[in-house]
Amino acid sequence: MNCNPFFEIEPSFRRLFVFGAGGFGREIAWLVGQSWGAAVEVVFLVDNPEYVTSPVNGVPVQLLDDVAKCDGDRFVVAVGDPQLRRRAVAGCLSAGLEPAQLVHPRVEMSRHVSLGDGCVVCAGCILTVNIVLGEHVHINLDCTIGHDVVIGDYATLSPGVHVSGNVQIGRDVFIGTGANIINGTACAPLVIGHGAVIAAGACVAKSVDPGVMVAGVPAVRKR
């Protein structure tokens, strides 16, 4: 039985540019290696000449302005902050690169899941049914997402986040490690507004206004 309809046994690209050579960039390089071994070449991209270094974990580091695109090249952005990710995506698109979708082979999801361009779903995640992920969404290690969830463009779920059913997560939302989002209902989904920040370990049991930060158990507004 195929538990991951988005995983490509044969990759549709042969070179992946990963913007950002930090921790998450190195994890994405590992994801690619776990998925396809040496069949896909990984290159780290940076936007500042001062960040061009010797290879990181064996992966070359290249300046975005120096990219020589070939047909079939793809990119993802390994930047956790949603606003910084937006800027990095704009730079990669301006360079003529096309976004990839990356889903680790050890992800379980149904065919009733929709992924936008640039999404990254890491190992150990479970996505059930009737779920929509927008563009350039990051779902980090060991997250679970229940039924009837919509996640907006550029949102970040840090490792170990659990989202119950009937939840709507807006654009540019950042959810910290180990947070729990309690379910809404079909008639009244729990809504996390655009640009909100959910602190690590928070338990969110009611809707969150746009642009605010909540923390604690139960989560309350901090700013």
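Q: How many residue pairs are in polar contact between domain 1 and domain 2?
A: The count is eleven residue pairs, both residues of each at pLDDT 80 or more, where a polar contact is a pair of N or O atoms within 3.5 Å, one able within protein to donate a hydrogen and the other to accept it, and residues adjacent in sequence count only if both atoms are side-chain atoms. This is a predicted model, in which local features need pLDDT of at least 70 and side-chain atom pairs count only at pLDDT 80 or more, while totals for chains, interfaces and linings use all residues. Residues are numbered from 1 along each chain as its sequence is written, and side-chain values use heavy atoms, with hydrogens and water left out.

Q: What are the bounds of domain 1 and domain 2, and where do they come from?
A: Domain 1 covers 15–100 and domain 2 covers 103–215, bounds that come from an automatic or database domain assignment. The contact between them, meaning heavy atoms within 4.5 Å, takes 20 residues from domain 1 and 23 residues from domain 2.

Q: What makes R86 and D172 a salt bridge?
A: The closest N and O atoms of R86 and D172 are 2.8 Å apart, and the rule asks for a side-chain nitrogen of Lys or Arg within 4 Å of a carboxyl oxygen of Asp or Glu, so the pair qualifies. Across the interface of domain 1 and domain 2 the rule finds one salt bridge.

Q: Why is R15 called buried or exposed?
A: The relative accessibility of R15 is 17%, and buried means under 20% relative accessible area, exposed over 50% and partly exposed in between, with a 1.4 Å probe and protein chains only, so R15 counts as buried. The side chain of R15 also makes a polar contact with the side chain of D73, at 2.7 Å.

Q: How do you know whether C119 is buried or exposed?
A: C119 has a relative accessible area of 1%, and therefore counts as buried.

Q: Why is C119 not counted in a disulfide with C122?
A: A disulfide is a pair of cysteine sulfur atoms within 2.5 Å, whereas the sulfur of C119 is 11 Å from the closest cysteine sulfur, in C122, which is too far for a bond. C203 is likewise in no disulfide, the nearest cysteine sulfur, that of C143, being 15 Å away. The structure as a whole holds zero disulfides.
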